[in-house]
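Subject: Structure for your review

Dear colleague,

Please find below the structure that I agreed to pass on to you. My notes on it follow directly after.

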Amino acid sequence: MSEKSLSLAEQAYEKIKQNIMDLTYPPGMPLTESMLTKELGMSRSPVRSAIQMLQTEGLIESDYYRSITVKKITHQDIEEIYQLRELLETSAFRFIFTSGQHVEYSYRLEEKVVRMCAASKDVYKWEIADTDMHMEIISALHNSRINKVYENTLSELIRIGQFSVKNGMRIPKTNDNLKKMVQYMREGEFEKSFAILKADHFEIGKDSALRE
């Protein structure tokens, strides 16, 4: 493949992935090469390469008849991912306190929350910033294997998070609660800070996403 063709394939990949991630192409939406070539203004070759990359990444599925769709997100997917999040983030959040890093992490998380507040009017960008905040919590465990497990769910987390907002999770309220969480962390209040994380992200977030 020439450099020019590779560049076009990468462009097609980035654009299609963006449309999947921000729900322009929602889960379960049928896709065709002809539709994508028309939308992207490209020939079939780079679009076909992009589709193959996205299939490998698990964002596009194909069936026996070679029809392709955006990967669906089922209620079971949501339940399993939130269970995974709660297990990992509860452990990491507790460790932040037991290791005496709660003040340091209050500032690290505050930086992420500031970015969330700045992105409040764009749900997709806000979800990206929110995911970064949760990755910061996970980073406290200093476990590369856990990081990889979490990173493997990021595309689903971001799409599921947008369902949560669409179905009732309020961004301004969540931002305000996270500011309180950061302050409680700074004061060494584990129970109060964790209660906010648990309520906003493991309960309200999941319940809202399941309404999709």
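In which loop is leucine 23 found? Leucine 23 sits in the loop that runs between helix 1 and strand 1. Please bear in mind throughout that this is a predicted model.

**The loop after helix 1**

Most residues other than glycine have a negative phi. Leucine 23, although not a glycine, has a positive phi of about 70 degrees. Its relative accessible area is 22%, so leucine 23 counts as partly exposed. The loop between helix 1 (3–21) and strand 1 (30–31) also holds proline 26. Proline 26 is likewise partly exposed, with a relative accessible area of 34%. Although proline 26 and lysine 71 are 45 residues apart along the chain, their C-alpha atoms are separated by 8.6 Å.

**The chain as a whole**

The chain has 212 residues, of which 44% count as buried. Its secondary structure comprises 10 helices and three strands. Read from the N terminus, the order of these elements is α-β-α-α-β-β-α-α-α-α-α-α-α. The C-alpha trace spans about 60 × 35 × 30 Å along its principal axes. If one takes the contacts between residues at least 6 apart in sequence, 74% of them join residues at least 24 apart.

**Helix 6 and helix 9**

How do helix 6 and helix 9 lie relative to each other, roughly parallel or roughly antiparallel? The axes of helix 6 (residues 123–138) and helix 9 come within 12 Å of each other and cross at roughly 25 degrees. Angles under 35 degrees count as roughly parallel, and helix 6 and helix 9 are therefore roughly parallel to each other. The crossing in which helix 6 passes helix 9 is left-handed. On the side of helix 6, the residues that meet helix 9 are Val123, Trp126 and Met133. Their counterparts in helix 9 are Ile171, Thr174, Asn175 and Leu178. Sorted by class, this contact of helix 6 with helix 9 has five nonpolar residues, two polar residues and no charged residues.

Asparagine 175 deserves a separate word. This residue lies in helix 9 (residues 171–186). With a relative accessible area of 3%, asparagine 175 is buried, because buried means under 20%. The side chain of asparagine 175 is joined to that of serine 120 by a polar contact of 2.9 Å. Leaving aside neighbours within four places in sequence, asparagine 175 is in contact with Val113, Met116, Cys117, Ser120 and Trp126. Of these, Trp126 is also one of the helix 6 residues that meet helix 9.

**Helix 6 and helix 7**

Helix 6 also packs against helix 7, at an angle of about 160 degrees and with the axes 10 Å apart. Angles over 145 degrees count as roughly antiparallel, and helix 6 and helix 7 are therefore roughly antiparallel to each other. Helix 6 passes helix 7 in a right-handed crossing. Here His134, Met135 and Ile138 in helix 6 meet Ile146, Asn147, Tyr150 and Glu151 in helix 7. The residues of this contact divide into four nonpolar, two polar and one charged.

Two histidines should be mentioned in this region. Is histidine 134 buried or exposed? Histidine 134, which is placed in helix 6, counts as buried at 1% relative accessibility. Its side chain makes a polar contact of 3.0 Å with the side chain of arginine 85. When residues up to four places away in sequence are not counted, histidine 134 touches Arg85, Glu89, Tyr150, Leu197 and His201. Among them, Tyr150 belongs to the helix 7 residues that meet helix 6.

Histidine 142 is placed in the loop between helix 6 and helix 7 (144–151). At 63% relative accessibility, histidine 142 counts as exposed, since exposed means over 50%. The phi of histidine 142 is near 50 degrees, which is a positive value in a residue other than glycine.

Yours sincerely

How values were computed. Residues numbered from 1 in each chain as written. Predicted model: local features only at pLDDT ≥ 70, side-chain atom pairs only at ≥ 80, totals over all residues. Heavy atoms only, no water. Helix = DSSP H or I, 4+ residues; strand = E, 2+ residues; numbered from the N terminus. Buried < 20%, exposed > 50% of the residue type's maximum accessible area, 1.4 Å probe, protein only. Polar contact = N/O pair within 3.5 Å; in protein donor to acceptor, adjacent residues only side chain to side chain. Contact = heavy atoms within 4.5 Å. Axes fitted to C-alpha atoms, helices over the stretch in contact; angles between N-to-C directions. Parallel < 35°, antiparallel > 145°, perpendicular 65-115°, else oblique. Left-handed = near helix turned anticlockwise from the far one by under 90°. Nonpolar A, V, L, I, M, F, W, Y, C, P; charged D, E, K, R; others polar.
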